[in-house]
Amino acid sequence: MAALAEEAAEVVAVKPDPDAGTSPQPPPAPPTATAPAAPTPAAAEGDAAGGGGDSAPPKPAAPGPAASPAALDRQTLVAVLQFLRRSNLRESEEILRREARLLGDDLGAAALSPTAAGLLGAPGGDADSAVGEALLNRVTTAAAIAIGGSVSTVASSSPGVAAVPSLPPGKVGGGVVVEDQPDVSAVLSAYNQQGDPTLYEEYYSGLKHFIECSLDCHRAELSQLFYPLFVHMYLELVYNQHESEAKSFFERFHGDQECYYQDDLRVLSSLTKKEHMKGNETMLDFRTSKFVLRISRDSYQLLKRHLQEKQNNQIWNIVQEHLYIDIFDGMPRSKQQIDAMVGSLAGEAKREANKAKVFFGLLKEPEFDVPLDDEDEEGENEEGKPKKKKPKKDSVGSKSKKQDPNAPPQNRIPLPELKDSDKLDKVMNMKEAARRVRLGPECLPSICFYTFLNAYQGLTAVDITDDSSMIVGGFADSTVRVWSVTPKKLRSVKTAADLSLIDKESDDVLERIMDEKTASELKILYGHSGPVYGTSFSPDRNYLLSCSEDGTVRLWSLQTFTCLVGYKGHNYPVWDTQFSPYGYYFVSGGHDRVARLWATDHYQPLRIFAGHLADVTCTRFHPNSNYIATGSADRTVRLWDVLNGNCVRIFTGHKGPIHSLAFSPNGRFLATGATDGRVLLWDIGHGLMVGELKGHTDTIYALRFSRDGEILASGSMDNTVRLWDAVKAFEDLETDDFTTATGHINLPENSQELLLGTYMTKSTPVVHLHFTRRNLLLAAGAYSSQ
């Protein structure tokens with residue numbers, strides 16, 4: 001009897017504070033109790049005799065105080081149940097009977113002893129009422145949950161009875177549990193402790209029934225629990241080597257999970273033994289990191305109340321140990337709002353993760369004069385005016401003349417100084433910008449598609465220089481191939497023997513040292529020992545980066561077409577690499593789940609960005625070079641601060657691995673594409689999703705904003721290029737304080753309104769997009785005969 005009383009007390013001890021913070025708090029320590037006293041032979045025999053059936057074998061006697069007969073304890077329990085029935089506390093009676101494993105027939109058949117009747121103030125006895133109340137409090141602690149009263153743990157004071165740990169289901173004799181089991185109030189730690197494996201299906205189906213029968217406003221939020229609980233309960237069964245129960249649990253409930261978790265479930269289904277878990281990094285991360293759920297306070301209180309009433313400690317322990325519930329005040333979110341944000345390997349992002357200040361503005365451009373074009377000068381001379389060069393600023397340059405309030409300090413990170421050649425290139429860029437076509441819904445860009453024919457080597461990566469003069473392809477045969485797409489051919493520097501033949505008449509030193517004998521439209525670069533998955537030209541077009549399955553990133557000179565450096569930091573395949581808009585810095589991401597920041601003159605990485613739970617599949621520098629965006633197979637996008645290496649934004653919402661990223665020219669927005677065929681738009685400053693573009697039917701491998709930011713182009717494996725109205729997509733955004741605080745985003749279903757055009761290829765997946773300085777759209781891909 002004392003054992004049952006202490007069990008009920010300890011169950012209540014795991015109740016968290018109703019006004020707890022934004023995360024379920026760990027349960028307080030179990031109530032202090034005296035050490036369990038070993039039963040005497042008489043007590044053990046009493047248990048067996050009172051049960052009238054099977055019982056645990058009696059334990060050896062140990063010296064100690066004499067214990068009261070178990071039969072008296074059982075009669076007292078029956079008396080308490082009868083008292084609850086007379087008081088019309090049916091629900092409390094059911095809870096207590098379930099805890100004691102007492103059948104309904106036993107209640108009527110059992111006779112009360114005078115002592116038990118007296119303790120309860122029944123007609124058959126006249127014992128002290130205070131003692132009866134104390135016993136009643138001890139025995140009906142669990143029932144008090146249903147009554148709603150305040151429950152306090154009462155320590156055992158009877159000389160013959162000692163408190164024992166709570167008892168999960170064991171071997172039952174006559175309705176009383178007699179086998180010792182682990183303490184159910186202890187929090188699960190890495191799945192080392194367990195409940196009855198045969199009851200896991202009952203626990204899960206009970207919670208599933210409760211959520212499906214709850215109000216619509218709570219059902220959508222509470223349904224988020226299904227997947228993480230399913231995974232952790234399955235892994236717990238596997239970890240504790242209950243393989244048959246784990247298989248049965250998986251087969252019964254895996255079909256109930258959302259479709260975007262199917263890839264994860266396939267991995268999970270292969271983990272059938274404890275040894276399998278040790279070698280699976282993804283599941284190891286899932287087990288050790290907390291799955292984040294964002295739930296309203298009302299829905300959370302409803303869940304907590306249900307688990308306490310049902311005393312479902314197995315699920316409650318998983319919630320406390322492995323889930324992070326981000327509670328917010330206000331109306332629960334709708335099914336549509338939740339579906340827009342969920343789907344990643346670790347749940348949603350915590351709201352605190354997206355509250356750090358981000359300097360998304362552009363750096364102030366250096367000021368220098370831009371001479372007028374020759375045509376303009378000639379026109380002025382015809383009118384008889386003196387020839388005069390007027391300084392002329394590019395429109396973008398003039399906008400940047402005034403410091404952007406959202407821009408980082410100019411010297412926040414060290415950037416390379418502009419060389420004379422860089423200044424000359426900027427002058428050319430500004431001249432081109434003056435002739436740029438202004439795009440919009442009424443003026444769509446022309447598209448030039450570069451198709452790689454007979455690419456039997458397997459095209460795996462493409463990049464185009466900023467001035468659109470060269471295109472590079474990375475191939476599965478480990479080669480890097482560079483083409484000139486202008487009449488100007490690619491030439492190498494003369495060898496030392498030929499330097500004496502330098503053309504001294506040429507004014508350009510670079511022209512003098514170039515060897516015309518080497519001129520060709522194609523240069524092939526050898527050096528990698530595995531497929532080349534990423535390529536990137538430097539802004540000055542003097543260098544080229546390539547990354548490969550061999551775990552290296554190589555820097556190539558486009559003057560000599562030779563490898564200058566091999567950067568070794570990744571231990572596994574490197575999926576992508578990208579130069580900074582200012583050159584000098586570059587980023588790489590790979591299978592080791594981290595991104596690395598490098599400088600061209602350092603052979604070790606400057607920063608290591610760790611936090612993704614799966615491969616880093618794509619990388620991109622922010623236009624001001626102070627931030628780096630990374631997309632991952634864990635279905636999240638992260639924004640990292642180059643200065644300190646911190647993660648300042650986590651974006652969730654994609655239902656598949658991310659394969660493309662693009663920043664808007666003003667630096668305020670980010671577009672992301674994934675295997676789910678959707679393009680998601682993000683407001684970097686507020687850390688919110690602001691748009692969803694649906695239309696593609698396959699993985700999106702290429703995204704690019706036009707030079708003025710008015711058009712967003714997307715390229716996909718479905719052999720199409722689609723153009724979207726970026727101006728309309730970003731106007732009238734809901735970025736008020738409530739939306740920012742709660743994440744209650746309302747995405748309009750306006751993809752068809754934003755779609756400006758769809759352009760199909762015959763059978764060529766689109767792997768790269770590029771807007772020229774005059775807003776001509778270039779696309780590239782390898783022809784596929786399938």
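**Reading strands, turns and helices**

Guide: Let's start at a turn: Arg-635 takes a positive phi near 70° in the hairpin of strand 21 and strand 22, where 3 residues lie between the strands. Please keep in mind that this is a predicted model.

Visitor: How many bridges join strand 21 to strand 22?

Guide: There are 5 bridges, and the two strands run antiparallel, with strand 22 covering residues 636–641. To see a matched pair, find Ala-629, which stands opposite Leu-639 in strand 22.

Visitor: Which strand forms a hairpin with strand 21 and has Ser-625 in the turn?

Guide: That is strand 20, with 5 residues between it and strand 21, and Ser-625 has a positive phi of about 70°. Strand 20 (residues 616–621) also runs antiparallel to strand 21, joined by 5 bridges. Here Phe-621 stands opposite Ile-628 in strand 21.

Visitor: Where do the side chains of a strand go?

Guide: In a regular strand they alternate between the two faces of the sheet. In strand 21, Tyr-627, Ala-629 and Gly-631 point one way, while Ile-628, Thr-630 and Ser-632 point the other way.

Visitor: Are those residues of strand 21 buried or exposed?

Guide: All of them are buried, meaning under 20% relative accessible area. Since 6 of the 6 residues of strand 21 (residues 627–632) are buried, the strand is largely enclosed by the rest of the structure. As background, 51% of the 786 residues of the protein count as buried.

Visitor: Let's try a helix. Which residues of helix 13 are buried?

Guide: In helix 13 (residues 262–269) they are Asp-264, Leu-265 and Leu-268. These residues cover an arc of only 100° around the axis, so they sit on the same side of helix 13.

Visitor: And how do I read a whole sheet? What is the strand order in the open sheet of 4 strands?

Guide: The order is 6-7-8-11, and the pairing is antiparallel. Strand 6 (459–464) and strand 11 (522–525) stand at the edges; each has a single partner strand, so one side of each is left without a neighbour in the sheet. From one strand to the next, the twist averages 20°.

Visitor: Over how many bridges do strand 8 and strand 11 pair?

Guide: Strand 8 (residues 480–484) pairs with strand 11 over 4 bridges, in the antiparallel sense. Look for Trp-483, whose bridge partner in strand 11 is Leu-522.

Visitor: How many helices and strands are there in the protein?

Guide: You can find 25 helices and 33 strands. Happy exploring!

Notes: Residues are numbered from 1 along each chain as its sequence is written. This is a predicted model: local features need pLDDT of at least 70, side-chain atom pairs count only at pLDDT 80 or more; totals for chains, interfaces and linings use all residues. Side-chain values use heavy atoms; hydrogens and water are left out. Two strands pair if DSSP finds at least two bridges between them. Axes are lines fitted to C-alpha atoms, for helices over the stretch in contact, and angles run from 0 to 180 degrees between N-to-C directions. Buried means under 20% relative accessible area, exposed over 50%, partly exposed in between (1.4 Å probe, protein chains only). The arc is that of the directions from the helix axis to the C-beta atoms.
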